[in-house]
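Here are a few notes to help you find your way around this structure. Keep the view open while you read, and look up each residue as it comes along.

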Amino acid sequence: MRVRWVWAFLDLPAAGYEEGLEFWRAVTRTRVSPRRGEAGQFATLLPQRRDAWVKVQRVGGPGGIHVDLDVEGPLEGARDEAVALGATVLHEDFEEGVLGVVVCRSPGGFVFCLTRWHPEEHGEGQVRDGQDSLLDQVCLDIPPSRYAAEVAFWSALTGWAVQDVDSPEFERLAWPDGMPVRFLLQRLDEDGGPVRGHVDLACLDREVEAARHVALGAERVGPGDGWVVMRSPDGHAYCCTGRHPLTGGAPPG
């Protein structure tokens with residue numbers, strides 16, 4: 001399986017959906033695409049230039065996040081590879097008789113989708129230069145008893161090596177050039193429950209960025225070691241992290 005593009009997918013609860021959508025549009029400084037789906041439940045957040053990498057959908061229940069992995073070649077092969085690694089197939093969608101989406105669950109319970117790669121949609125790449133902040137990271141929040149198996153699964157599924165982050169709490173997957181979303185892997189303190197996820201923004205100044213989000217309707221939960229924990233209007237935690245939007249590394253100064 002060759003992953004060619006990663007989409008961060010925000011699953012917003014139906015109650016307060018429009019407010020949540022407007023919040024994330026403002027946070028990411030994007031515009032909302034025309035709605036898609038039978039009930040208009042899908043939309044893409046379109047940057048002012050270059051290619052999109054964040055999508056939203058209206059869901060029943062509390063919502064959360066998932067990722068879509070655009071893969072090269074027929075999805076049947078990618079699906080079978082994911083299953084062999086321990087994934088469970090939850091649903092399949094066909095487009096004119098061709099398998100277009102495979103909804104899966106990781107061994108630890110995190111939902112993701114395998115989707116067909118459309119190179120004509122990604123000819124320009126992601127915009128990273130000139131940004132004060134950028135939603136560029138999905139952090140998988142993994143209970144300790146599931147951690148080793150879940151990390152091994154995501155590394156094998158993507159083909160990206162596991163890298164240390166100088167912290168017993170975190171590891172990350174190698175970040176291929178041109179990929180819009182990186183993966184951070186967090187070992188939780190508490191055990192039990194499925195693997196969850198949240199999004200992170202790379203911020204030149206995380207405190208300035210956190211204040212901007214509060215003005216847009218977010219709640220500041222508290223500081224961390226290099227990040228600020230926030231809660232969006234739809235009730236989900238995310239982080240403003242002290243990383244450079246261009247490189248993903250530590251900001252200058």
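Strands, like helices, are DSSP runs numbered from the N terminus, and a strand needs at least two residues in state E. With that in hand, G197 can be placed in strand β13. One caution before the points begin: this is a predicted model.

1. Let us stay with G197 for a moment. Its relative accessibility is 22%, and G197 therefore counts as partly exposed, since buried would require under 20%. Setting aside neighbours within four places in sequence, G197 is in contact with I65, F110, C139, L140 and D141. A partner far along the chain is V138: 59 residues separate G197 and V138 in sequence, while their C-alpha atoms are separated by 6.7 Å.

2. Next to G197 in the numbering you will find R196, also placed in strand β13, which covers residues 196–203. R196 is partly exposed, with a relative accessible area of 38%. What does R196 touch, leaving aside its neighbours within four places in sequence? The contacts of R196 are F110, C139, L140, D141, L188 and E190. R196 and I142 lie 54 residues apart in sequence, yet 6.7 Å apart in space from C-alpha to C-alpha.

3. Now for the interior. The largest nonpolar core holds 60 residues, and W24, L69, F112, L114 and W154 are those with the most contacts inside it. Strand β1, residues 3–13, gives the most to this core, with 7 residues. As background, nonpolar side chains in soluble globular proteins tend to be buried together.

4. W24 deserves a look of its own. Not counting residues up to four places away in sequence, W24 touches L10, L12, T30, L45, L135, V199, S232, D234 and Y238. If you select these residues around W24, you can follow the contacts one by one.

5. P13 is in strand β1. Is P13 buried or exposed? P13 is buried, because its relative accessible area is 10% and the limit for buried is under 20%. Beyond residues up to four places away in sequence, P13 touches V59, G61, P62, G63, D234 and H236. D234 is thus a residue to look at twice, being among the contacts of W24 and among those of P13. For a sense of distance, the C-alpha atoms of P13 and L184 are separated by 24 Å, with their positions 171 residues apart along the chain.

6. Two helices also make a good stop on the tour. Helix α1 (residues 17–28) and helix α4 (residues 206–216) pack at an angle of about 150°, and their axes are 10 Å apart. The two are therefore roughly antiparallel to each other, as an angle over 145 degrees counts that way. The crossing of α1 and α4 is right-handed. On the α1 side the contact is made by F23, A26 and V27, and on the α4 side by R212, H213 and L216. Sorted by class, this contact of α1 with α4 has 4 nonpolar, 1 polar and 1 charged residues.

7. A word on backbone angles. Most residues other than glycine have a negative phi. Two arginines here have a positive value: phi of R29 is near 55°, and phi of R50 is near 70°. R29 is found in the loop between α1 and β2 (31–32), whereas R50 sits in the loop between β3 (42–46) and β4 (54–59). R29 is partly exposed, with a relative accessible area of 34%; R50, at 37% relative accessibility, counts as partly exposed too.

8. Last, a loop residue. Where is E121 placed? E121 is in the loop between β8 (111–116) and β9 (133–142). With a relative accessible area of 45%, E121 is partly exposed. E121 and V111 are 10 residues apart along the chain, and their C-alpha atoms are separated by 24 Å.

Conventions: Residues numbered from 1 in each chain as written. Predicted model: local features only at pLDDT ≥ 70, side-chain atom pairs only at ≥ 80, totals over all residues. Heavy atoms only, no water. Core = buried A, V, L, I, M, F, W, Y, C linked by side-chain atoms within 4.5 Å. Buried < 20%, exposed > 50% of the residue type's maximum accessible area, 1.4 Å probe, protein only. Helix = DSSP H or I, 4+ residues; strand = E, 2+ residues; numbered from the N terminus. Contact = heavy atoms within 4.5 Å. Axes fitted to C-alpha atoms, helices over the stretch in contact; angles between N-to-C directions. Parallel < 35°, antiparallel > 145°, perpendicular 65-115°, else oblique. Left-handed = near helix turned anticlockwise from the far one by under 90°. Nonpolar A, V, L, I, M, F, W, Y, C, P; charged D, E, K, R; others polar.
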